[in-house]
Amino acid sequence: MMADILHGAGYTLLALILLMWVGNLACRALFSVTGLKPPSAPEAGATPPAGWLIGALERLLLSAGIAAESWEVVAAVIALKSVARFRELNEKEFAEYFLVGSLFSVLWALLVTTLWLAYDSRYGVDLRGYLSAVSAP
């Protein structure tokens, strides 16, 4: 029983690291490869942008929505981001940067969550099935 708990915690922690930290690194690498840069890059010594935190939280919420099959959550995250940046989307350079980052976040969350769910149901302790059974009326 304790081994199952540790196993479940281990692969779930790995998925969270992939989702949040590795997702940020992969997104930066994608921007580097494509040459896309934020239109107003911060100056050296300035307060660091919150983009890395927003991206990590965005992928975490997307993953939770995907795992729970709550597509409203996925739609709400995308809508919230679009509303928050609505005025800036008129600028072509920013719109491209924003769309690439947002689409990457959705795809990364989908990939990591799908792999987590597949591993959980095949080799893991079926945490999703357990949570579904507990929350069922």
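How many nonpolar, polar and charged residues are in the lining of the second largest pocket? Here are a few notes on this predicted model, starting with that pocket.

1. By class, nine nonpolar and three polar residues make up the lining of the second largest pocket, with no charged residues. The space in this pocket comes to about 210 Å³.

2. If you would like to find the pocket on screen, the lining residues include Thr12, Ala15, Leu16 and Leu19, along with Leu60, Ser63, Ala64 and Ala67. Val112, Thr113, Trp116 and Leu127 are also part of the lining. Helix 1 (2-34), helix 2 (51-67) and helix 4 (92-122) are the elements that each give two or more residues to it.

3. Now to the surface. Leu13, Leu16, Ile17, Trp21, Leu25, Trp52, Leu53, Leu57 and Leu60 make a nonpolar patch of about 840 Å². Two elements, helix 1 and helix 2, give two or more residues to this patch. Helix 1 supplies the largest share, five residues, and Leu13 lies in that helix.

4. Leu16 and Leu60 are worth a look in both places: they are among the residues lining the second largest pocket, and they also belong to the nonpolar patch.

5. Two loop residues deserve a glance at their backbone. Glu69 is not a glycine, yet its phi is positive, about 55 degrees; you will find Glu69 in the loop between helix 2 and helix 3 (71-84).

6. Asp126, also not a glycine, has a positive phi of about 55 degrees. Asp126 sits in the loop between helix 4 and helix 5 (127-135). Asp126 counts as partly exposed because its relative accessibility is 35%, and that class lies between the limits of 20% and 50%.

Definitions and conventions. Residues numbered from 1 in each chain as written. Predicted model: local features only at pLDDT ≥ 70, side-chain atom pairs only at ≥ 80, totals over all residues. Heavy atoms only, no water. 1 Å grid on protein atoms, 1.4 Å probe; cavity = no way out; pocket = protein on both sides within 12 Å on 5 of 7 lines; lining within 4 Å. Points joined across faces, edges and corners; volume = space filled by probe spheres on them. Helix = DSSP H or I, 4+ residues; strand = E, 2+ residues; numbered from the N terminus. Nonpolar A, V, L, I, M, F, W, Y, C, P; charged D, E, K, R; others polar. Patch = residues over 30% accessible without salt bridge, like charges linked within 9 Å, V, L, I, M, F, W, Y side chains within 5 Å. Areas by Shrake-Rupley, 256 points an atom, 1.4 Å probe, with all protein chains shown as cover. Salt bridge = Lys/Arg side-chain N within 4 Å of Asp/Glu carboxyl O. Buried < 20%, exposed > 50% of the residue type's maximum accessible area, 1.4 Å probe, protein only.
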